[in-house]
Amino acid sequence: WRRVLFDSSIALSGFPAALSTGKPDVILTLTPPLQLAAAAIGLKKIWRCPIVNWIQDIVPDAALSVGMMHEGAMVRMGRKLEDFVYRNVDHIAVISQGFIGNLVAKGVPAEKLSVVTNWADIGRFDLVSPERDAMRAHLGLRENDFALMHAGSLAAKQVMENVVRAMKLMEAH
């Protein structure tokens, strides 16, 4: 309940601030939390402009998959909010093709969906640099030691234990 209340408070407190900015050409929401998109739907009714919702994680599926939530009243409420958002936004961007299948299975029309990735092409970056070498030295790593960086959220949904298991599997390589 605390997380639901926290996410709802963000949406509610941002609503008056958004109203003071003036009418935009388009509203872009980033979810989760779904409550932000729900608040944007209220703004859409006032401003009569389209909403694009960019989904970074599918709620409540992600929380269910890692055991943060279990089937029950909260999940039913989350599913109703999810359905409300998907029906009332004008377009939905997702970060992977797999998300498209999930949303289509939930009744979202495929033509309402686009993939907009949020990753970088690391081939465009120089992986050998003085900064890299200094950081490796600072961390006590040798030139050929394997290093992994996670540059994202660290919460139960990320299941970082899997990264540790993968590192153990890679140890011999």
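Two strands are taken to pair when DSSP finds at least two bridges between them. With that in hand, the sheet of this predicted model can be followed strand by strand. Strand β2, residues 51–55, runs parallel to strand β3, residues 91–94, and four bridges join the two. Within this pairing, N53 lies opposite I92 of β3.

On to the next pairing of β3. Three bridges connect β3 with strand β4, residues 113–115, again in the parallel sense. Here I92 appears once more, with L113 of β4 as its bridge partner. Between the two strands comes helix α5, residues 97–105, and together β3, α5 and β4 form a right-handed β-α-β unit.

Strand β1, residues 27–31, pairs with β2 in the parallel sense through five bridges. In this pair, T31 faces I55 of β2. The path from β1 to β2 leads through α2, and this β-α-β crossover is right-handed. The two faces of β1 are worth a look. In a regular strand, side chains alternate between the two faces of the sheet. In β1, the covered face carries I27, T29 and T31, while L28 and L30 make up the uncovered face.

The strands also take part in the packing of the interior. The largest nonpolar core counts 22 residues, and those with the most contacts inside it are I27, I55, V85, Y86, I92, V94 and L103. At least two residues of this core come from each of α2 (34–47), β2, α4 (73–88), β3 and α5. Helix α2 makes the largest contribution, with six residues.

I92 helps to tie these descriptions together, being among the core residues with the most contacts and having bridge partners in the sheet, one of them L113. Beyond its neighbours within four places in sequence, I92 is in contact with N53, I55, Y86, L103, V108, K112, L113 and S114. Of these, N53 is the residue that stands opposite I92 in the pairing of β2 with β3.

A39 offers a view from helix α2, where this residue is found. A39 counts as buried because its relative accessible area, 16%, falls under the 20% limit. Setting aside residues up to four places away in sequence, A39 touches A11 and F15. By contrast, A147 is 108 residues from A39 along the chain, and the C-alpha atoms of the two are separated by 41 Å.

Finally, the chain as a whole. The protein chain contains seven helices and four strands, which follow one another in the order α-β-α-β-α-α-β-α-β-α-α. Its radius of gyration is 20 Å, whereas a compact globule of 173 residues would have a value near 16 Å. Along the principal axes, the C-alpha atoms fill a box of roughly 60 × 40 × 35 Å. Buried residues make up 25% of the 173 in the chain. Among contacts with a separation of 6 or more, 57% involve residues 24 or more positions apart. The exposed surface of the chain comes to about 11800 Å², and carbon and sulfur atoms supply 62% of that area.

Key
Residues are numbered from 1 along each chain as its sequence is written. This is a predicted model: local features need pLDDT of at least 70, side-chain atom pairs count only at pLDDT 80 or more; totals for chains, interfaces and linings use all residues. Side-chain values use heavy atoms; hydrogens and water are left out. A crossover is right-handed if, with the strands pointing away from the viewer, the path from the first strand over the helix to the second runs clockwise. A nonpolar core is a set of buried Ala, Val, Leu, Ile, Met, Phe, Trp, Tyr and Cys residues joined through side-chain atoms within 4.5 Å. Buried means under 20% relative accessible area, exposed over 50%, partly exposed in between (1.4 Å probe, protein chains only). Contact means heavy atoms within 4.5 Å. The radius of gyration is taken over C-alpha atoms; the globule rule is 2.2 Å times the number of residues to the power 0.38. Accessible areas come from the Shrake-Rupley method with a 1.4 Å probe; for residues, only the protein chains shown count as cover.
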